[in-house]
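Visitor: Hi! Could you walk me through this one?
Guide: Happy to, let's bring it up.

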Amino acid sequence: MSQIVTMELAGTALGINVGVVQDVVRLGRMTPVPGAPAWIAGVMNLRGHIVTVIDLRRRMDVTQAPLGDGTPKLAVVVECRREAFALMVDGVGDVIEVGNGDRVPDPATLSPTWRDVSLGVIRREHSLLIEVDVEAVVFHDLARAA
Amino acid sequence: MDDLLPDFLSETQENLQQVDDDLLRFEQSPADAAILDNIFRLVHTVKGSCGFIGLPRLEKLAHAAESLLGRLRDGEIEADAAIVSETLAAIDAVRGIVEVLATTGAEPEGDDDDLIARLDALTRGRTIEDAGNRGKANVERDPDTRSSAPSQTTSQATSQTVAQESPTATSSPTPPSASPAAPQADSTSAQTIRVSVDLLEELMVSVSELVLTRNQLIQDRRGRDRQQNGAADQDIDLPLQRLSTQIGRLQDSVMRTRMQPISGAWAILPRMVRQLAIDLDKAFDLETVGGDTELDRQMLEQIKDPLAHMVRNAADHGLEPNAVRRANGKPSMGKIRLVAAQEGGHITLTLSDDGAGLDLAKLREKAISGGHMTTAQAEEASDAQLARLIFAPGMSTAKEVTQISGRGVGMDVVRANIEKIGGTIEVESVAGRGTTFRIRIPLTLAIMPALIVGIKNGDATEQAEDDDGSYRFAVPQIAVAELVRATGDSEHRIEYVGGAPVLRLRGQLLPLMFLQETLGVGAPDGDHILIIRGAGRQFGIVVDGVFDTEELVVKPLGGPLARLNIYSGNAILGDGQVVMILDANGLAEHCIDVGDAKPDEDSAPEAALEDTDAMLLFRAGGSAQPRAVPLALVSRIEDIAAGRIEPTEDGAVVQLRDRLVPLVALDGDYTPPTEGRQSALVFAQNEGAIALAVDQVLDIVDAAVKLELSSSDPSKLGTAVIAEQATELLDVAHLLSRHVEGGRRQLADGPTARILVVDDSPFFRNMLKPLLSAAGYRVTVVDGVEAALALREEGKKFDLILSDIEMPGRTGLDFARAVRADGNWSETPLIALSSLADEEDMDAGMAAGFDRYVAKFDRQRLLALLADSVDGRRERAA
């Protein structure tokens, strides 16, 4: 059994293990970082700590999907390698309990971009949910280079 | 015992360092009973503690050393070099055992019987062989260090505690080491307490946060003032002011608790120098000045190894052997000088030796073989540029790898270590006089004064910019040498050479980068220029605005950002926004290298030694920047009525003296004027000629042409400062070859003739190579007789050799005699190339072995001669 925070990005349901999620925040002013990969939206001050903000739409290459009307700019703050990162998402849902029986292998139709960051797909009553490997998201190029 | 061991270790490590200091001072003044007393007591303490904790091996060794020192102290024997050496050896052995103890918790296996026997022998008054050979190094120390050392914060790298002064002493405004009443070692315990380094670190973090909060409060207050037009509540101002002052003091005090005299970083040097003098068999002095300069202990640790490495380098490679020094008329004793001083928020360390200076020729060679420079670049490179190469990887110039240095770990590692702690390093070398390294490091890494600069956001689609549509960045103040404003009416302006922005500043040509462009966020803009020192060279960063300075609490970059070498960290500003801190060293890599950067006064005597050439200055293509061409290459200047210019399919032509000559523009296509007149420079080659349309002929000046910046544009040779202006030099040969038929095709069907050009002047090498290449020859250029003869040794063959006459060292005449004397070039046609071309010179040239003689700028005759000589030779061969 594990607990997963559910969220939505461009019509795709995602989940992140509750253990790595620190907070859900509304995005304030960000400082852009020219020269950084495009999927890094910038850095922001989160209660005295500097957090790198990741534009998950760009990171997952789903920028074409329409943004919802008046969608609040939400970010899920996660911890990875003892640092904090804010992942921009469209919406955050409930925390759900997931049993081992609910997990299914990645479907063949899953795009390589998603496959890279997927820890597995979780079957829910009406939908499928991709459990996201935060480290693979954040240390994208580094992992590839290694 | 387990409880006692950590205390014993930290105490012993501290004591050991003090013994080192004391022993070296003792060697110079053996009569000083106080010093001997210190040494004795420290060794005695070690021995006593050993017995108590149960460390038999250490105890035995310490006992032997103590016995020797005891007899010495009681005046029963006299100190000599052997005694000092063996005592040092004993201390080293103790240190070795203590180090093992610190890591494993147990004494290492083995015994020290040999050493103990030697110590015992000395104690009994017998001497050992070879004892007299030791101790050639003579170590001078700054008197300030002498009085201050023991009572101050001396601690070992591995020690987890740091001795500190009591709070009463800390609150005094003068740094503790400057206190005139600093007592000798024995009073250490009274005025200091031990505090764990972790606690100090914690304190520093809290203070950093406090500074940050204060900054936010002040910023907020300013904001309110603005909103309420200055009518804000006054009653909060005074307490806020006091809070701010107190936090400032607190920050200062906490910083000072972490401060240690820099002599801690070079405490190992006297020992090392002593050993070096023995190993290298060189007698030399090490002089240290400013040992009481304080800096953060974190920095102290970081600077230790680079300093030791550099001193080792100076002793091994910098200083010549004593005999060589004597032969060169220098004092046989070499001197290495290490000076520390505080300058504002940073420390400068100057390490100089009075040795031979850097081997620039060797560096040039290595630069080429190592791929750091092309042959042409290396030939053009200034001394300063070559000297800087020692900071590049794999550039050790040591002829042989010695045990002391030159093991592949070079100055590149030193540079990397210094840059890692936000410092800079520069080198200056004078042949035969010595080498000087200048290091600048910040006082601390935790809090950094920085300049906040801004650039406008050129990319309107960017969502995340600041409210006013601009970006802000922080630049560490240590990296900024000065600020220059370049507006239309000010003294300075941004000029362009070959499209690259440059700034002329006190005779230097500095490359510029526009921050927007470098960061990829907009088009070049701005007129504020930060002059940056980075990687041992200067350049300018152009920004739109410079705001204020702020003390930043530096935070490391988050994971994926850490790889970006243009940033060194980030920080939260007073207004709560995050600011990215630019890394000057990283940015330097994005900036092209502009050749020599010498102040005017230095270049003046140098210029006097060089040939001057008559240069024609003009403007063309609507550009304000002057261009230049050697006057000797210009056939004539024409002033053409617009009506005489005839447009054709292949561009405009004009009839000049019964010939149709293409009229061309310097950049892009030429559009003839519809009325008025057109000035043009006419260049002729063989049967062809071109007329170059110019806006205005400015002047003819005699100038020593020194190319500062080579150009990627083939129609330009590069840039030089002529008549105090950055001026582009035209490559006439390229222009001709582009517009005139002939030339290139002349020899195209036969095998290409190979020509060797020997000339020490980079300008002529640059001019002749394209000229001859354009005429269809395969051209090799070298900068002197030695290089040319080296090619002969390699077995290279040429169809013809062109050589300058006046060259430093071996002249063209020497060269001709050498070529004619023997070797496989004895039959090769030799043409002398000289600006001195009267009869007498010609006779001397012919006598030396030259076949023909041609004046330097007489291009027509040169090409004719070449064609004649090469073709004539072919015909004879056929």
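Visitor: How many residues does helix α3 of chain B have, and how far does the helix reach from its first C-alpha to its last?
Guide: This is a predicted model. In it, α3 of chain B runs over residues 56–73, which is 18 residues. The helix reaches 25 Å from first C-alpha to last, close to the 26 Å expected at 1.5 Å a residue.

Visitor: And which residues of α3(B) are buried?
Guide: The buried residues are L58(B), E59(B), L61(B), A62(B), A64(B), A65(B), E66(B), L68(B), L69(B) and L72(B).

Visitor: Nice. Which residue with a positive phi follows α3(B)?
Guide: That's G75(B), with phi near 75°.

Visitor: Zooming out, how many helices and strands does chain B have?
Guide: Chain B has 26 helices and 38 strands. It contains 878 residues, and buried ones make up 42% of them.

Visitor: What about contacts in chain B between residues at least 6 apart in sequence: what share join residues at least 24 apart?
Guide: For those contacts, the share is 68%.

Visitor: Switching to the interface, how many residues does each chain put into the contact?
Guide: Chain A gives 25 residues and chain B gives 22.

Visitor: On chain A's side, which element supplies the largest share?
Guide: β4(A) does, with six residues. β4 (40–46), β5 (49–55), β7 (83–89) and α4 (140–145) of chain A each supply at least two.

Visitor: And how do the residues of that side divide into nonpolar, polar and charged?
Guide: The side of chain A that touches chain B has 15 nonpolar residues, six polar and four charged.

How values were computed: Residues numbered from 1 in each chain as written. Chains lettered and ligands numbered in written order. Predicted model: local features only at pLDDT ≥ 70, side-chain atom pairs only at ≥ 80, totals over all residues. Contact = placed C-beta atoms within 7 Å. Helix = DSSP H or I, 4+ residues; strand = E, 2+ residues; numbered from the N terminus. Nonpolar A, V, L, I, M, F, W, Y, C, P; charged D, E, K, R; others polar. Buried ≥ 20, exposed ≤ 12 C-beta atoms within 10 Å, placed from the backbone. Expected span 1.5 Å × (residues − 1).
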